[in-house]
Amino acid sequence: MTSSILVTGGAGYIGSHTVRALREAGRRVVAYDTLELGNAEAVGDTPLVVGDIADHDLVLRTCREHDVDSIVHFAAYKNVGESMADPGKYFRNNVDGTVRLLDAALAADVRQIVFSSSCSVYGTPAVVPVDEQQPIHPESVYADTKAIVERVLHWYGVVHGVRSVSLRYFNAAGASFDATIGEDWTYALNLIPVAIRALLTGDQELQVFGDDYPTPDGTCIRDYIHVDDLAAAHVAALGYLAGGGDTTAVNVGTGNGSSVLEVLGAIERVAGQPVPHRIVPRRAGDPVSTFSDTTRSNALLGWNARHGLDEIIETAFRWHTTQLEATPSA
Ligand code: WQD
């Protein structure tokens with residue numbers, strides 16, 4: 001039987017795009033998700049096992065039944081603010097859950113892992129663009145859970161021969177070009193879904209967290225990367241491991257920075273109307289500017305981003321508009 005890829009969190013935002021990209025690359029996939037935050041419809045006809053990554057027996061049985069040879073591990077809580085209010089919830093799920101997942105994977109002789117890490121492990125970067133040699137200095141519990149799991153993967157490599165790629169995402173955004181999968185804005189606190197929601201529903205205005213930063217227009221700069229480019233990076237990382245690649249960490253971004261006001265301008269161009277917003281004081285912990293140095297992702301994975309900010313906004317806007325038309329009460 002052809003081996004499969006186990007995708008934890010496969011019914012989630014980036015997970016479902018990666019499931020689709022793997023299927024389109026001809027790989028067999030089994031998605032694994034609690035559906036606490038995920039959407040079963042997003043995985044289409046891909047086999048879906050509903051369960052927790054901490055469930056040793058279910059993970060082991062799933063790996064054996066589907067002849068899993070690699071794992072793409074997305075399943076985690078990711079709300080920075082919530083992590084600072086309830087650290088235990090984040091360390092139990094994101095860290096302890098991953099350790100239990102890895103132990104079940106080992107019992108099934110699975111030793112290739114692509115891990116969903118984050119550029120937030122750098123905290124406020126000392127230098128931009130940010131390369132992988134920058135010091136790890138997480139500034140939130142969420143970010144620290146990502147940094148800790150990277151260290152767990154290092155030691156599981158040293159002791160158990162697990163080989164992994166930790167992908168340090170920059171700002172994931174956008175939706176599928178056919179508007180069939182995308183981000184659920186219900187829980188979203190990130191700029192682009194919040195801004196589009198403010199424009200389309202008016203049920204909440206966008207608060208711009210500060211316009212007095214030392215940047216050209218006074219607002220913070222981020223590296224927004226299309227979710228399909230992120231998905232492609234996971235396919236490339238699996239190919240790197242299949243080719244015998246050693247454990248490593250790689251930044252995944254476009255290498256281009258966009259300010260908050262530039263993002264609002266792109267949304268206005270696509271929607272044909274301005275985003276209702278109000279400038280409010282800075283948000284604690286926001287780096288002035290961060291965007292990726294793409295050298296390592298290009299060289300090691302043979303990957304680079306193909307989509308820019310306009311396509312991110314176009315696909316996100318089309319997705320949320322489609323969702324609203326389908327469920328007006330959303
Ligand atoms: C972006 C910019 C805000 C909301 C995210 C994830 C993090 C990591 C990196 C994956 C900032 C401004 C935002 C709003 C605003 N990804 N903003 N009003 O903080 O860069 O981090 O990407 O792990 O986990 O959280 O993303 O979208 O919150 O902020 O002005 O209502 O938009 O100040 O400059 P962030 P964000």
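This passage walks through a helix pair, an enclosed helix and two buried strand residues in a predicted model.

A good place to start is the meeting of helix α8, which covers residues 260–271, with helix α10, which covers residues 309–326. Their axes come within 9 Å and cross at roughly 55°. That angle is why α8 counts as oblique to α10. The crossing itself is right-handed. On the α8 side, the contact is made by E262, V263, A266, I267, R269, V270 and A271, while α10 brings in L309, D310, I313, E314 and F317. Sorted by type, the residues of this contact come out as 8 nonpolar and 4 charged, with no polar ones. A bit of helix geometry is handy when looking at such lists: an α-helix has 3.6 residues a turn, so residues three or four places apart point the same way.

Both of these helices turn up again around helix α6, residues 191–201, since α8 and α10 are among the elements that cover its buried residues. The cover also includes the strands β7 (171–173), β8 (206–209) and β10 (224–226). How much of α6 is buried? The count is 9 of its 11 residues, so the helix is largely enclosed by the rest of the structure. The buried residues are L191, I192, P193, V194, A195, I196, R197, A198 and L199, and R197 is one of them even though its side chain is a charged one. Just after the helix comes G202, with a positive phi of about 70°.

Next up is N251, which sits in strand β11 (residues 248–252). Its relative accessibility is 0%, so N251 counts as buried. What does the side chain of N251 reach at 2.8 Å? The partner there is the backbone oxygen of V130. The side chain of N251 is also joined to that of Y122 by a polar contact of 2.6 Å. Leaving aside neighbours within four places in sequence, N251 is in contact with Y122, V130, D131, E132, R168, F170, S292, D293 and S297.

A second strand residue to look at is S259, found in β12 (residues 258–259). Its relative accessible area is 3%; buried means under 20%, so S259 falls in that class. A polar contact of 2.5 Å links the side chain of S259 to the side chain of D217. Not counting residues up to four places away in sequence, S259 touches D217 along with T219, C220 and I221.

Methods:
Residues are numbered from 1 along each chain as its sequence is written. This is a predicted model: local features need pLDDT of at least 70, side-chain atom pairs count only at pLDDT 80 or more; totals for chains, interfaces and linings use all residues. Side-chain values use heavy atoms; hydrogens and water are left out. Axes are lines fitted to C-alpha atoms, for helices over the stretch in contact, and angles run from 0 to 180 degrees between N-to-C directions. Helices (H or I, at least four residues) and strands (E, at least two) are DSSP runs, numbered from the N terminus. Angles under 35 degrees count as roughly parallel, over 145 as roughly antiparallel, 65 to 115 as roughly perpendicular and the rest as oblique. A crossing is left-handed if the near helix is turned anticlockwise from the far one by less than a right angle, and right-handed if clockwise. Contact means heavy atoms within 4.5 Å. Buried means under 20% relative accessible area, exposed over 50%, partly exposed in between (1.4 Å probe, protein chains only). A polar contact is a pair of N or O atoms within 3.5 Å; within protein, one must be able to donate a hydrogen and the other to accept it, and residues adjacent in sequence count only if both atoms are side-chain atoms.
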